[in-house]
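Here is a set of questions and answers for reading a protein model at the bench. Each answer works towards the value or name that was asked for.

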Amino acid sequence: EKSMNTNLYWLTLEAAAEIASGGVEEQARKSFLYFISNNLLDQAVKAAPLLLSALNSLDNDHPNRLRAYTAIVILYLAQKNIQQADQTFLDALSNSSYGPSEQARIAENIIAAIKQNDQEALTRAISSSDLAALDFQVAQLVKSSVSCVDSFSSSMQDDVDDDAATTQLSFDKDDEEYDDDALPDIT
């Protein structure tokens with residue numbers, strides 16, 4: 001039955017993204033939130049571009065649009081994908097209305113706390129009354145899935161390891177051309 005409901009919501013969401021008339025944005029938002037509230041996070045990730053497409057007809061500063069940007073950031077954080085969450089946040093900042101918004105501040109505070117491995121800051125960010133600026137389902141997702149900085153340690157370490165491997169590869173390549181005698185003596 002859950003699979004049938006998921007398919008129904010997918011069809012509704014796809015239709016919402018294609019039709020640019022009144023009420024479509026709300027239906028797209030409800031479908032997206034359905035996936036989140038039923039812990040169908042992979043489906044919500046797939047639905048995110050459709051949601052944004054449906055919301056394109058709204059003004060840049062429309063609350064549903066601002067909430068959607070932060071919801072997608074939170075969605076990636078719930079999946080422990082800090083790199084994608086951060087990139088999504090930075091992309092959302094291209095909307096000039098998002099940067100100064102309450103929703104952007106929420107996302108920024110949570111991302112900063114996770115990156116700084118600051119459990120106290122994360123606890124403050126996710127228990128803040130500011131979460132009322134988000135959809136209820138997204139606020140619940142934050143509280144249930146993004147509550148411990150330690151749960152992000154391995155994903156952030158993987159990013160560091162990837163960066164270190166890339167850096168090491170570039171140094172290894174340059175080592176063949178390195179001439180120690182060509183450097184001036186600085187002693």
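Q: Which residues do ring pairs link into a cluster?
A: The model is a predicted one, and a search of the whole structure finds 3 aromatic pairs. Phe 89 and Tyr 98 form one aromatic pair, which is edge-to-face with 6.1 Å from centre to centre and 65° between the planes, and both Phe 89 and Tyr 98 are buried. The cluster that ring pairs link together consists of Tyr 69, Phe 89 and Tyr 98.

Q: Why is the pair of Tyr 34 and Phe 35 edge-to-face rather than stacked?
A: A pair of aromatic rings is described by the distance of the centres and the angle of the planes. For Tyr 34 and Phe 35 the ring centres lie 6.0 Å apart, and planes over 60 degrees apart count as edge-to-face. The pair is therefore edge-to-face, because its planes stand at 65°.

Q: Are Tyr 34 and Phe 35 buried or exposed?
A: A residue counts as buried when its relative accessible area is under 20%. Phe 35 has a relative accessibility of 0%, and Tyr 34 has a relative accessible area of 14%. Both values fall under that cut-off, so Tyr 34 and Phe 35 are buried.

Q: With which side chain does the side chain of Asn 95 make a polar contact?
A: Asn 95 lies in the loop between α5 and α6, and with a relative accessible area of 5% Asn 95 is buried. Leaving aside neighbours within four places in sequence, Asn 95 is in contact with Asn 60, Arg 65, Leu 66 and Tyr 69. The polar contact of its side chain, at 3.3 Å, is with the side chain of Tyr 69.

Q: Which element gives the largest share of the largest nonpolar core?
A: The protein has 9 helices and 0 strands, and 40% of its 187 residues count as buried. The largest nonpolar core holds 53 residues, of which Phe 32, Leu 77, Tyr 98, Ile 110, Ile 114 and Leu 122 touch the most other members. The elements that give two or more residues to this core are α2, α3, α4, α5, α6, α7 and α8. The largest share, 11 residues, comes from α4.

Q: What arc do the buried residues of α5 fall within?
A: The buried residues of α5 are Ile 82, Ala 85, Asp 86, Thr 88, Phe 89 and Ala 92. Seen down the axis of α5, these residues line one face of the helix, because they fall within an arc of 160°.

Q: Why do the buried residues of α7 lie on the same side of the helix?
A: In α7 the buried residues are Ala 121, Leu 122, Ala 125 and Ile 126. Glu 120, Arg 124 and Ser 127 are exposed on the other side of α7, whereas the buried residues pack against α6 and α8. The buried residues lie on the same side because they cover an arc around the axis of only 120°.

Q: Which residue caps the N-terminal end of α7?
A: The cap rests on a side-chain oxygen that lies 3.2 Å from the backbone nitrogen of Glu 120. The residue that supplies this oxygen, and so caps the N-terminal end of α7 under the 3.5 Å limit for polar contacts, is Asp 118.

Q: What separates the C-alpha atoms of Ile 126 and Ser 144?
A: Ile 126 has its place in helix α7 and is buried, with a relative accessible area of 9%. Leaving aside neighbours within four places in sequence, Ile 126 is in contact with Ile 110, Leu 131, Val 142, Lys 143, Val 146 and Ser 147. Ile 126 and Ser 144 are 18 residues apart along the chain, and their C-alpha atoms are separated by 9.7 Å.

Q: Which elements are included in what covers the buried residues of α8?
A: In α8, Val 138, Ala 139, Leu 141, Val 142 and Ser 145 are buried, and they line one face of the helix because they fall within an arc of 155°. Phe 136 and Ser 144 are exposed on the other side of α8. What covers the buried residues includes α2, α3, α4, α6 and α7.

Notes. Residues are numbered from 1 along each chain as its sequence is written. This is a predicted model: local features need pLDDT of at least 70, side-chain atom pairs count only at pLDDT 80 or more; totals for chains, interfaces and linings use all residues. Side-chain values use heavy atoms; hydrogens and water are left out. Helices (H or I, at least four residues) and strands (E, at least two) are DSSP runs, numbered from the N terminus. Buried means under 20% relative accessible area, exposed over 50%, partly exposed in between (1.4 Å probe, protein chains only). A nonpolar core is a set of buried Ala, Val, Leu, Ile, Met, Phe, Trp, Tyr and Cys residues joined through side-chain atoms within 4.5 Å. The arc is that of the directions from the helix axis to the C-beta atoms. Contact means heavy atoms within 4.5 Å. A polar contact is a pair of N or O atoms within 3.5 Å; within protein, one must be able to donate a hydrogen and the other to accept it, and residues adjacent in sequence count only if both atoms are side-chain atoms. Rings of Phe, Tyr and Trp (its six-membered ring) pair if their centres lie within 6.5 Å; planes under 30 degrees apart count as stacked, over 60 as edge-to-face and the rest as tilted.
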